[in-house]
Amino acid sequence: MPDQDRATARGRAGTQVRAACPHDCPDTCAMEVTVADGRAVKIRGAADMPFTNGALCTKVAHYLERVYSGQRLLHPMKRIGRKGEGRFERISWDEALDTIAAKYREIAADDPRAILPYSYAGTMGLVQGESLDRRFFHRLGASLLDRTICAAAGMQGWKATVGAMIGADPEAAAEARLILIWGGNPVASNVHGWRYLQEAQRRGARLVCIDPRRSETAAKCDQHIAPLPGTDGALALAMMQVLIEHGRLDHDYIARHTLGFEALAERVRGCTPEWAAPLTGLEAVHIRGLALEYGATPHSLIRLNYGLNRCAGGGMAVRNVACLPALTGAWRHAGCGALLSTSGNFPIDHSALQRPDLYPDAGRFPPRRLNMSFIGDVLLDTRDPPVRAIHVYNANPVAVAPNGNRVRAGFAREDLFCVVHEQFQTDTADYADILLPATSQLEHHDVHTAYGHFYALENRPAIAPLGEARSNTDVFRALAHRLGFGQRALYESDQAIAAVALRAGDARAEGVAAGLQAHGWARLALPQPFAPFAEGVFRTPSGKCEFFSAALAGEGHDALPAWHPPAESVVSNPALAARYPLALITPPARNFLNSSFANLERFRASEGEPTLLVHPDDAAARAIADGQGVRIHNDRGVFQARAVVTTDVRPGVVCAPSVWWPKLSPGGANANAVTSSARTDMGEGPIFYDCLVEVSA
């Protein structure tokens, strides 16, 4: 740790340190940490950062319980039991690093692509999340990881239509008169963004939640529309058909700023509400009513989230929804149009951060990409070369990856050398050969962008690392040294890396560095409010909203919006549905964030136990009573939960809030025991919410 950060981390009585929440959440909150005698004693949201507005979610408001938890890993360890048992003994950092370096050197001598890094959004920081780790594995020549597990399908569908991960200004959402919250639950997972939606509602806007279950958000909206899982794309097509049939269009905007309208009109001609009704499980009159209201309200906002992209047709579903604002001209107005992510506004210099040019010998060992979402298949299927070592950090795949039984089987391979760098002994850590203690967000330096607002944030270390914990960057510098790598890029300080995170000279980054230095956060140099497509200028090849996408056609996809049904449903697979008639969705549990926080007593107590929401009709048909233990199963596996009989889910749909740690769940399995290894239509992502099961007492 540099001297200036050590001085900050030691702290004085009452020292205030600026920080940033590291977790996978669109809000990316600015935080203030109070440090006394080298210990963090208070954490709160930064009151001067407009989006955070002085508040933190209930999880991060108690973040010090996580930092100082007695469960923290504080020393390097090596495995002494069978894989998965979680039995370790303490070793020194020298022994741990020497062991890893020796194994990587041995494997790389044959084929370095047999080494696989595995990481995702355990931290969203650009320094600890995607800098020296990528540089190190590039220089090593390891396999490249396709990080698809959350948003890949939706991102491809959105970009094919709009061109970049850019949309409406979330801070201007109160200007909208109709807001469709589609595939998200902002009350639980975008609480600061929800504040602006509430303000719109107070000003008279109607809020409509489109979600297969009656979530916390749906309960606070003016209307809840509950399509069957995986059918959002059909609903959006039917809405387009109604808009075109009834002339609820902004013809000027369509003519000047879109491409392929005539072909779109022909495509959706038969996609009437009556066509969509049996697919979505909705009444045709309700579909038509929603479309007409949307068409009559050009000051409208569609706030999408990634829930609807986790099914077989997820990419096309997001694309279909993304077409709607261009038909009505909603993009003309500040705070209107649609928003999936703000991440494309940040001029991140990924090449400078990750240095793919360090890859050593592409001629002898052509770069190989492996998909993180299907890590069980990656580890078990025959491939050349087979994966002989895996290095896991910022991730917990044994808990979060689909088809969990295959994931466990892959990690249980005795011939697989497994390194896990973690704050806690997760299910994945139980399979490690070498287990390394990781720093928390309060113990290292980082810089953050966001996908739910326009502010960059700096994270300054508030305290010294606990025990022998080391940051990701520290570990990869040490491994680079042991392997004798000489490139200077492998030894740069965290501050030097942070300084190149945003592209130099990009107008959007003007003033950001000074703002971070002054108070730890800075808004991008964008107009306020920001209406990115008011005058067109989409980031597509044509510069227009592309109803017809030649780029998609070139990749083998349908060039126009289309209906891609779920992989597992009564309509698409009646034979499977005869055996497993219930559609399972596994949205985030309110007190967890993916699998983070799920091991800590406060949050487990708040969440209670693994539950399964079941409609009364489905419960009665199976003689299941409220509060009864149930078994949820299909051909892939089984998990257990406590039944909650409720009308919050519609008949034919069950819901298991997730992600519980398997080893802390009844029966030693969580909902991913039954989810599938099938892929989305675009982006090669997982189909978590496209899963048929049966439930029994």
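1. Strand 6 (residues 115-118) and strand 15 run parallel and are joined by four bridges. Within this pairing, isoleucine 115 stands opposite alanine 389 of strand 15. The model is a predicted one, and the remarks below should be read with that in mind.

2. Strand 15 also pairs with strand 16 (residues 417-422), again in the parallel sense, through five bridges. Here isoleucine 390 of strand 15 faces cysteine 418 in strand 16. Strand 15 thus has strand 6 as one parallel partner and strand 16 as another.

3. The cover of strand 15 (residues 389-393) fits into the same account: five of its five residues are buried. Ala389, His391 and Tyr393 point one way from the strand, while Ile390 and Val392 point the other way. Residues on both sides are buried, His391 and Tyr393 among them.

4. A separate set of pairings involves strand 27, and these are antiparallel. Strand 22 (residues 582-585) pairs with strand 27 in the antiparallel sense over two bridges. In strand 27, leucine 692 is the residue opposite alanine 583.

5. Strand 24 (residues 629-634) is likewise antiparallel to strand 27, with three bridges between them. Isoleucine 632 has valine 695 of strand 27 as its bridge partner.

6. As for burial, strand 27 (residues 692-696) is mostly covered, with four of its five residues buried. For strand 15, the corresponding count is five of five.

Notes. Residues numbered from 1 in each chain as written. Predicted model: local features only at pLDDT ≥ 70, side-chain atom pairs only at ≥ 80, totals over all residues. Heavy atoms only, no water. Buried < 20%, exposed > 50% of the residue type's maximum accessible area, 1.4 Å probe, protein only. Pairing = 2+ DSSP bridges.
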